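Work through these exercises with the structure open beside you. Try each task before reading its solution.

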Amino acid sequence: MTQDSKVQLMLPKGEELLLSPSPHIHDKESIQSIMLKVVLAMLPVVAAGVYFFGLDALRVIGWCVFFCVGLEMVWCFFAGKPVLGTVKDGSTLVTGILLALNLSAATSWWVCLLGGILAIWLGKQVFGGLGQNPFNPAAVARVGLLIALPRELTTWVPARGMTADLNSYSKAFYTTPDFTRLQEAGQVVDGMTCATPLSLAQTTTKVLGHGEQAAYNFAEIANPEAYWQYFLGNMGGCLGETSALAILAGGVMLLAMKLIRWQIPVFYIGTVALFSGLVNLLWPGVTPPPLFHLLTGGLMLAAFFMATDMVTSPITPKGAAIFAVMLGIMTCVIRIWGGFPEGVSFSILLMNALVPLIEKIAAIKPFGFRKAAAVKGGA
Amino acid sequence: MGSTIFLSAVVLIGIGLILGAAIGVVYKFFEVPVDPRVELLLELLPGVNCGGCGRAGCADFARALIGGEAAPAKCPVASQEVVAQLAQVLGVEIGRAAKQVAVILCGGDLTHAKGQMLYNGVDDCISASQVAGGPKGCRYGCLGMGSCARACPFEAIGIVNGLAVVHNEYCVGCGKCVDVCPRGLVKLVPVDAKVHIYCKSPEKAPAKMKVCDIPCIGCRKCVKAADEGQFTVNGFLVEVNYGDYPRPDVIEKAKCPKNCLQTCRGHEEFEYGKSIGESA
Amino acid sequence: MKPLKIKIVSFKKGVHPRDDGKSLSRSSAIRTAPLLERYQVIVGQNIGLPPRVVVKAGEEVKKGQLLAEPSGFVSAALHSPTSGKIEGIIDIPGPMGIPAEAISILADGKDEWGELPPPLDWQTVSGETLKARIQECGIVGMGGAAFPSHVKLSPPPEKKVDCMIINGAECEPYLTADHRVMLEETEKVLLGAAILGKAAGVKNTVVAIEVNKADAIEALLARSGEYRVGVVGMKVQYPQGAEKQLIYAVTGRKVPTGGLPADVGCIVQNVGTAVAVADAVTGGVPLIERVTTITGEPVVTPGNWRLKVGTPVVEALKLAGGVKRDPGKLILGGPMMGFAQRSTDVPVMKNTSGILLLDKAAISQYQASPCIRCGRCVDGCAMQLLPSPLSCMIEADRFQDAYENNVMDCIECGSCSFACPARRPIVQQIRRAKAEIRNSLNHKKK
């Protein structure tokens with residue numbers, strides 16, 4: 001055998017060997033593949049947005065992705081970095097889609113541009129780009145826009161099932177004080193805009209106070225039939241946040257591909273349910289029942305796609321749990337007692353700022369850690 | 001409306017007055033006496049906190065000066081005039097002034113050092129030397145990853161074609177680069193010693209020639225050209241005796257066959273890209 | 001595959017390289033390498049003091065004759081791999097990239113044994129006699145660290161040791177040497193385990209194996225009763241065979257940070273070491289050869305070979321039929337913790353468990369890309385550290401912070417770098433920090 005092989009025995013040439021530290025093999029996963037998987041998990045949500053809000057949703061997503069990617073390239077050009085370098089990893093694509101999912105389907109292109117500037121430049125690049133940003137870029141953009149352009153950001157279009165037939169559920173959207181007020185302000189053009197369940201709930205308490213009357217009115221927007229519609233996504237709101245069903249599908253994909261820590265969605269949603277449930281139990285006139293809080297607004301989207309952002313959430317499982325619980329409490333407090341109907345983006349930004357502190361508290365102990373081991377040297 | 005503005009102004013001014021008074025009181029009664037000379041010395045000292053004097057920064061050095069624990073000349077950065085001024089403030093002798101600069105004793109840049117390997121990892125000399133001894137063929141040579149350049153607070157070290165080179169006009173001899181070199185190539189030498197042998201490999205000449213074009217091969221031509229004791233021979237390596245260093249004219253006389261005997265100026269300007277004989 | 005009837009244990013966390021490359025050489029039986037013309041035995045093979053050379057150039061030596069004697073307690077003897085003439089004591093390319101002193105032996109082709117110490121009846125002689133024999137025969141840890149075995153067997157008297165674990169995890173991808181040894185030399189493994197147990201004076205001796213070596217487990221189970229040695233199965237997870245992780249998996253005891261296995265009453269020895277011990281005690285044979293896996297995709301016929309210590313890697317590669325295409329990397333040891341080599345002239349040492357070649361295309365390059373804090377390194381760290389935050393601190397030269405965050409506890413298993421999607425050289429950063437911190441601690445002591 002050796003005789004035969006000696007004829008064409010080939011041996012490695014020493015000069016071409018690469019010197020590098022161990023380990024010499026790596027997992028297949030790269031930043032790019034992770035980001036593409038996240039985009040994949042977002043597809044059901046995007047599909048639901050297009051289904052409920054029509055091609056307008058696609059238009060908004062297109063603008064957001066276009067501006068985010070473009071602005072990233074512009075920044076890289078002026079910062080002297082390779083222009084395509086950071087676009088290739090796909091993180092900008094994720095930010096762009098996420099930003100669009102946080103906007104109404106009626107958003108005009110220049111709002112998307114502003115959102116892109118806020119997300120990519122202010123939210124990410126000023127801190128040094130991917131991995132350095134303390135705040136979730138999409139949340140920065142959403143909050144920035146909400147404060148700067150409250151009217152544009154709260155002009156909601158009705159979802160597909162709402163204009164078709166005015167059943168008791170969607171009637172509520174058109175007969176509440178909120179709607180009347182919007183009409184007075186000239187914002188409602190022939191049923192082309194509508195309110196979100198959360199803003200209805202807030203207007204209810206503002207107009208009626210925290211009494212029995214409010215509790216009675218809550219039943220109008222918080223009943224099993226309405227829940228079912230909310231779950232499907234048949235309500236006003238951001239194009240990506242309405243359909244809990246689609247978000248759950250995407251969330252299951254994220255969990256199955258091990259892209260997010262399960263602690264964040266579970267503890268976040270759990271805390272919101274417990275907190276709002278407790279408040280509703282004690283003072284039924286203050287806030288609707290917990291299921292209403294879970295299914296409306298941006299909670300689901302945030303729990304699976306926004307709060308779980310790797311860069312801006314704690315790195316340890318314990319930290320993630322603490323982060324999610326505090327996030328839940330903060331979201332409820334803003335929703336129930338705050339000035340804005342929705343508190344998800346605000347609470348994410350606030351908690352992002354606390355991540356370094358949480359990581360200090362939730363630091364894991366090394367294997368075999370003992371207090372006495374702090375004694376230097378060992379053996 | 002007017003009253004609101006008025007009230008705010010009054011409140012703010014009031015707070016300001018009260019806090020100002022408090023600060024004044026604290027300043028007056030809780031003052032820690034500081035030797036006024038510390039301030040004076042700090043103004044004279046370079047203020048870069050390089051640690052070259054062996055103290056934790058200039059303020060610490062100033063205190064040490066006043067305490068008589070250090071001599072003014074211990075500051076490697078300060079010029080002679082500044083040292084004289086320091087001594088004047090303190091009313092002491094200047095102390096032993098031995099101005100030093102750093103020199104990196106290797107000439108093996110990418111053109112001249114052979115046996116380069118592909119390397120993939122952290123760009124840092126210690127890290128690179130941990131991976132199979134680093135990418136350079138010579139195990140004693142400069143790795144060229146710039147750990148010394150990063151350590152230098154005066155940006156006096158540059159990486160030229162994969163070789164760390166000290167720019168003498170910026171080097172103050174603080175010695176920060178000496179410890180970071182995993183190869184121990186950085187040496188602090190008297191500023192007037194202008195001639196160096198840019199090789200520190202104690203290997204046998206044939207082994208050195210295998211990995212480098214310009215090693216010291218121990219031919220002793222320089223030893224013969226110079227006065228007794230100006231060079232020390234150590235096996236296959238000749239070293240400059242920095243206690244009694246040779247004059248620059250030794251280079252002309254010695255005709256080092258490998259061009260590793262150089263002045264620091266010559267080393268800086270040596271066109272390492274060219275083949276031997278064309279320059280120097 | 002039918003389920004194994006043994007307990008399966010594991011440590012927590014770690015990574016699982018999916019395509020572990022073991023199938024390349026798993027089914028190839030151990031072959032003994034033919035005699036070569038020249039062997040180059042590196043003098044400083046073991047951790048601790050290098051031994052003192054006792055032969056001179058030109059001297060005739062027999063196979064198994066002492067070449068270098070221990071120069072202290074933490075030092076191991078060296079023996080001649082074959083009979084022949086000492087060519088000289090020369091500098092050759094060492095495994096760490098820097099030249100190493102080696103004894104070059106020109107074989108005379110006879111491969112004659114010299115005088116060997118008499119066989120011992122291990123059941124009747126004392127533990128001290130066994131330890132002396134183990135030291136005499138130059139046995140070191142053959143799993144990777146090359147720590148002299150007799151030192152491990154002699155823990156300080158105040159530490160009560162009650163458990164001897166024979167490490168057959170072989171959690172490194174690609175390597176199959178230990179697997180084949182356990183399968184083909186089952187009896188010697190068990191005998192060596194029993195002897196090691198006796199030498200250390202412990203009651204419980206177990207062989208711990210990852211369950212992807214089911215045939216080896218069955219072979220060991222069939223004979224283990226005779227030697228009163230237990231067999232434990234372990235989940236396939238990297239780094240299951242790291243000392244601290246292995247002890248935790250088998251006994252549930254945690255070696256305290258900065259401590260030694262003896263602190264929790266355990267001693268860990270490699271399977272190859274057990275075989276060498278069995279040979280040394282029952283036959284007086286010193287450690288002059290070992291089973292090494294020669295593998296990797298570019299290798300023509302990957303396999304497991306019994307190589308004499310001192311065989312140049314290039315000769316070993318010839319045995320494996322050379323390479324199909326030019327490889328991009330040569331590694332001594334496994335792909336997770338092995339060392340990249342700059343030359344194929346490096347000789348096999350007592351701890352060379354594998355000679356691995358990787359394809360150019362298969363080499364993933366490290367990049368200095370930023371951390372996206374995905375937490376994969378945290379989930380993979382067997383020591384429960386925070387690798388990525390640590391590497392960020394080290395990048396910023398914040399060594400004090402790194403020290404306070406327990407960087408010194410890192411076992412450099414490479415799980416974090418393996419799992420990192422940004423391909424950050426985390427382990428290398430940590431090694432650098434360890435070197436820097438050790439330096440500054442030494443400075444303080446002075």
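**Exercise 1. Take stock of chain A.** Find how many helices and strands chain A has, and what share of its residues is buried.

Solution. This is a predicted model. Step 1: count the elements. Chain A holds 19 helices and 1 strand. Step 2: look at burial. Chain A has 379 residues, and 53% of them are buried. Step 3: look at the contacts between residues at least 6 apart in sequence. In chain A, 75% of these join residues at least 24 apart.

**Exercise 2. Describe how the domains of chain A meet.** Name the helix that gives the most residues to the domain 1 side.

Solution. Step 1: set the bounds. Domain 1 of chain A covers 31-153, and domain 2 covers 160-361. Step 2: count the residues in contact. Domain 1 of chain A brings 33 residues and domain 2 of chain A brings 30. Step 3: list the elements on the domain 1 side. Helices α2 (31-53), α3 (55-79), α4 (91-101) and α6 (137-148) of chain A supply at least two residues each. Step 4: pick the top contributor. That is α2(A), with 14 residues. Step 5: sort by class. This side of domain 1 of chain A has 25 nonpolar, 6 polar and 2 charged residues.

**Exercise 3. Compare a helix and a strand of chain B.** Decide whether helix α1 of chain B is largely in the open or covered, then do the burial count for strand β1 of chain B.

Solution. Step 1: check the helix length. Helix α1 (residues 2-29) of chain B has 28 residues. The rule is 1.5 Å times one less than the number of residues. The expected span of α1(B) is therefore 40 Å, and its end C-alpha atoms lie 41 Å apart, which agrees. Step 2: count buried residues in the helix. The number is 0 of 28, so α1(B) lies largely in the open. Step 3: turn to strand β1 (residues 100-104) of chain B. Here 5 of 5 residues are buried. Step 4: split the strand by face. Gln100(B), Ala102(B) and Ile104(B) lie on one side, Val101(B) and Val103(B) on the other, and all are buried. Step 5: find a partner. Strand β5 (residues 186-190) of chain B runs antiparallel to β1(B), joined by 5 bridges. In this pair, Gln100(B) faces Pro190(B).

**Exercise 4. Order a sheet in chain C.** Which strands stand at the edges?

Solution. Step 1: write the order. The open sheet has 5 strands, β1-β12-β11-β10-β13 of chain C, with parallel pairing. Step 2: read off the ends. Strands β1 and β13 (266-270) of chain C each have a single partner, so one side of each lacks a neighbour in the sheet. Step 3: inspect an inner pair. Strands β11 (residues 204-210) and β12 (residues 230-234) of chain C share 5 bridges. There, Ala208(C) stands opposite Val232(C).

**Exercise 5. Examine the contacts of chain C.** Find how many residues chain C uses to touch chain A, and how many to touch chain B.

Solution. Step 1: take chain A. In this contact, 64 residues of chain C meet 42 of chain A. Step 2: find the top element. Strand β16(C) gives the most to the chain C side, with 5 residues. Step 3: sort that side by class. It has 37 nonpolar, 18 polar and 9 charged residues. Step 4: take chain B. Here 17 residues of chain C meet 13 of chain B. The chain B side divides into 5 nonpolar, 6 polar and 2 charged residues. Step 5: check confidence. Chain C averages a pLDDT of 90, and the model scores ipTM 0.87.

Technical notes:
Residues numbered from 1 in each chain as written. Chains lettered and ligands numbered in written order. Predicted model: local features only at pLDDT ≥ 70, side-chain atom pairs only at ≥ 80, totals over all residues. pLDDT = per-residue confidence, 0-100. Contact = placed C-beta atoms within 7 Å. Nonpolar A, V, L, I, M, F, W, Y, C, P; charged D, E, K, R; others polar. Domains from an automatic or database assignment. Helix = DSSP H or I, 4+ residues; strand = E, 2+ residues; numbered from the N terminus. Buried ≥ 20, exposed ≤ 12 C-beta atoms within 10 Å, placed from the backbone. Pairing = 2+ DSSP bridges.
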